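Biologist: I'd like to go through this model with you and hear the reasoning behind the labels. Can you put it up?

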Amino acid sequence: MKKYSIILSLLFFSVFFYLIPNNVYAAWEKYENNPVLYSSSSGEWDSEGILLPFAIYDEGKFKLWYSGFDGFTTRIGYAWSDDGITWAYDENNPVLSPNLTTEIHYSDPSVIHNDSGYIMWLTVQKNDGSYVIKISNSVDEISWTNPIEININQTWQSSGTFVQPSVIKLGDNYLMWYSAQQNGVWKIGYATSENGTDWTNYANPVLESTKPWEGTNLGSGKVIFRDNVYEIYYHAGDPPSIGYATSGDGIEWNKTEDNLIITAEVGKFDSQRVLSPSIVYSDNLLNDYLFYTGNNGTDWSIGLATSGEIKEPLKPIILLPGLFGSWNSDAIIHGENPPQSEWIMTLFINDYQGLIDTLESAGYINGENLFIFNYDWRDRIEDTSSELNNFIQNTVLPKNPDGNIKLVGHSLGGLIARTYTQNYPTDDIEEVIAVGSPHSGAVQAYKAWEGGVVENNNFWERLALDIIINLNRNGHLTDKDVIREIVPSTQDILPTFDFLRNNQNFLIPATSLIQQNTYLAQQENGFPNIYDKFYAIYGHKNETPEGFEITNPDFIENILGLWQDGKPTNTVFSDFGDETVLAKSATRSADPSSVIENANHRELITTEDGIGEIIDKLDIDVNEIITPEPTADIFPSLFMAIQSPAEFSISGPSGNFSSTDGYIFVPNVIGGNYSIKVNGTGSGIYTLYSGITTDTDSFWKMIINTTQNGQTDNYNLIVNTNTLNTSYIIDTNGSFYLDQAYEIIEKLKINYPHWSLTLASHSIKSSQNNLNKNNYKKSAQSIPTAIKHIISFAKKQSTAYPRNTAYEAITNLSNAYETFKKLSKEIPNNVRIQGELLGLEGLIKAAEVKLKIKGNELKADSFLKANSLLNEAKIDIQNKNYFAAEIKIFIIKELLSEI
């Protein structure tokens, strides 16, 4: 009982341990889950109890200072809360401690916030047993100056002891009410001050026991002033309860007939003691809040009562968007690896806005109890789960220390939420809601991972991979290589179920494949461990890919490492899924789940039914379900991105657009002529990418140029939404294509200096000089020479980037050649060109034989480029575009010479 005797000495009068009937004044209602603040674990500075609170509502949140007791001494701690119920204890606690050489207890804080910071008055018990009031200052509510004793004249106080201060400021004066003894009886006195340190005491006590329930002693009077009336809340009785009185001047107090408002309650945290009230009010609060100390015979804690009904605090929610729901330009456009904190929601995707708006309408505040976990969806799920753990520990829990977190993840986000909960078991996570998440993988990932083929019924996911591939293609031989290096998370959503069928229509075991999803397979065994927290929402609408019929890859694909487990020839569909994720992947038979009929993958998160189901499972009261603004028709879309140092804008039939964070996205783009303006923001080389994407295909082009601060470059882009590959930059005389080739070669020379590139630059310069003279024939004559030098350079390179970049220059030279030839009015030798084309068939077959005998990835890449050009040349001849065919035939021969 030693610790109780020490604490009771702080309360300054004796009390007996017995219960009194519950008689709570009707205007006040105790919080049913009291206490709201309680002591720490054993060995901490407040392990034996927290008590004697003083709270204010300031800067949109509750701030509370209190006394923490460790069995020997009391110190001042600080906590804050958004709702008065869920509290965060400051990491610097205690914020004010006694000098143990002369003092033993700091207690009963009373705080004012003014323009210069915070002022605290507190009770100090010295080692000799005497008590004084001291004052301290702070600029940040945490770091306090060394307290100094106030000066106050003694009048009626027989003991000379002044304790339990309550200070307010009116005008230029400070007013203080305090507790002191007169003839052994505790009463409440009054004093005034102009500076908060030197006080003039009123001659007599202003409040003393007059009611039967009050017994003999009064103490801990906390005063507020509102509507020109002083209100005091104090404890009295034996054991103490909390009473209330009002005054017109702070001196003469009036008590109502029944002024007892808070008493002990049998079986509760305050069953033995109710004392030390602190009242909080604000125009921004619906109710008054009264914090007080309670004791149940064992523990000292702080409880709450309010003047109206207390609503349960909103439990924190973390929303995890799906693949491409998060964006960072440094990562996606520039290929960097910024920290998770720098990722934001993808601005041109509003699929999640309806759910966010609905939650905010229910009282959620973004960054306080609603959090959006934006993440690098390119990374392995295991790595993202680790990032989510850091996010929860460092961002969510400091503002929601009680945990009770609910994770809501759509698509890949739900899969991350689920695997995180498995791998980081904690009571902080109360619920996981996965919406349309591929817990057993999605078959579309197979084509991307094994063949670099972007095919996904979900437009955003397909656009994401399309952007990644085309902004990183030059550094890799195949699109498959881009996916595997830049988006390794693709492997983590490969199916773990059997989904490939051989030529006899037999299912091939997924465990026998070369490329497997070992991550999800390993996670499967632990999945049932979280079923008590997990809930799946999935969709049922139209056919959903379930697998592929496969055949063997050809010899070129073998060399390039494509389709190691078989090349898809036909897609097998299931009737039960959301067009992207199968129902059997989105849920398990044993886990709780619900299906949204007639909802595809996106509609699970954008429709009233989908959002409503999420809200229902979150158990949140909302007035209405807010659905996002209708998304514009997506197909076809135009995406443009620039790699600095420049900004750009475009204008055309779809409107005027300026780059935001280095990109422009135009959904439902209208075909026609678009003007592009690039403004230099520094000196260097920029690359401008443009991609047109339909529901079945995409076509990308890039522009490379040098710029300097203030320079403006103008281009005209023709967008053909029907035949994508006829979209092009308008170049009336071939100068654009020639300049592009030159810029690419000059860019290559920086990191790959080679005499072949120098010779190529000379040939291009010669062509430019002749072009300036309108000598189109001579301009065309220099092109094959430049191409020959560039291919000579490419043959000597052992990596993809210089080879592919060199080929970009060749493509531009090919376009320039075609333009020059047409402008020169030269008549093509149709017979010769057609004959050469026929002769290429033999060269192609000979190259195939060589590759089969001794081929490598680089030679196979050249062969594929040659074969692709051969098909284009055939189309050119059919369209009587002989000059285009002629230069392509030349390039094919040069490429095949490497094999």
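What follows is a chat about how a few labels were reached for this predicted model.

Biologist: Let's begin with overall shape. How do you know that the protein isn't a compact globule?

Modeller: Set two values side by side. For 899 residues, a compact globule would have a radius of gyration near 29 Å, but the protein has 38 Å. The C-alpha trace spans about 125 × 65 × 50 Å along its principal axes. As for what it's built from, there are 20 helices and 43 strands.

Biologist: And what makes a residue buried, and what share of the 899 residues are buried?

Modeller: Buried means under 20% relative accessible area. In the protein, 58% of the 899 residues are buried.

Biologist: Why is Asp227 called exposed?

Modeller: The cut-off for exposed is over 50%. Asp227 has a relative accessible area of 71%, so it is exposed. Asp227 sits in the loop between strand 15 (218-226) and strand 16 (229-237).

Biologist: Then why does Asn505 count as only partly exposed?

Modeller: Partly exposed runs between under 20% and over 50%. Asn505 comes out at 44%, so partly exposed it is. Its loop lies between strand 29 (500-501) and strand 30 (507-508).

Biologist: What makes the phi of Asp227 worth a remark?

Modeller: Most residues other than glycine have a negative phi. Asp227 isn't glycine, yet its phi is positive, near 50°. Asn505 isn't a glycine either, and its phi is positive at about 65°.

Biologist: How do you know that the bond joining Asn34 and Pro35 is cis?

Modeller: Look at omega, which is about 5° there. Pro35 lies in the loop between strand 1 (29-30) and strand 2 (49-58). Another cis peptide bond joins Ser644 and Pro645, with omega about 15°. You'll find Pro645 in the loop between strand 35 (637-643) and strand 36 (646-652). For background, most peptide bonds are trans.

Biologist: One helix to finish. How do you know that the span of helix 15 fits what's expected?

Modeller: Helix 15 (residues 755-772) has 18 residues, and at 1.5 Å a residue you'd expect 26 Å. From first C-alpha to last, helix 15 reaches 26 Å, close to that value.

Biologist: Which residues of helix 15 are buried, and what covers them?

Modeller: Among the buried ones are Leu757, Ala760, Ile764 and Leu771. The cover includes helix 14 (735-751), helix 16 (776-795) and helix 17 (800-823). After helix 15 comes Asn774, with a positive phi near 60°.

Methods: Residues numbered from 1 in each chain as written. Predicted model: local features only at pLDDT ≥ 70, side-chain atom pairs only at ≥ 80, totals over all residues. Heavy atoms only, no water. Helix = DSSP H or I, 4+ residues; strand = E, 2+ residues; numbered from the N terminus. Rg over C-alpha atoms; globule rule 2.2 N^0.38 Å. Buried < 20%, exposed > 50% of the residue type's maximum accessible area, 1.4 Å probe, protein only. Expected span 1.5 Å × (residues − 1). Contact = heavy atoms within 4.5 Å.
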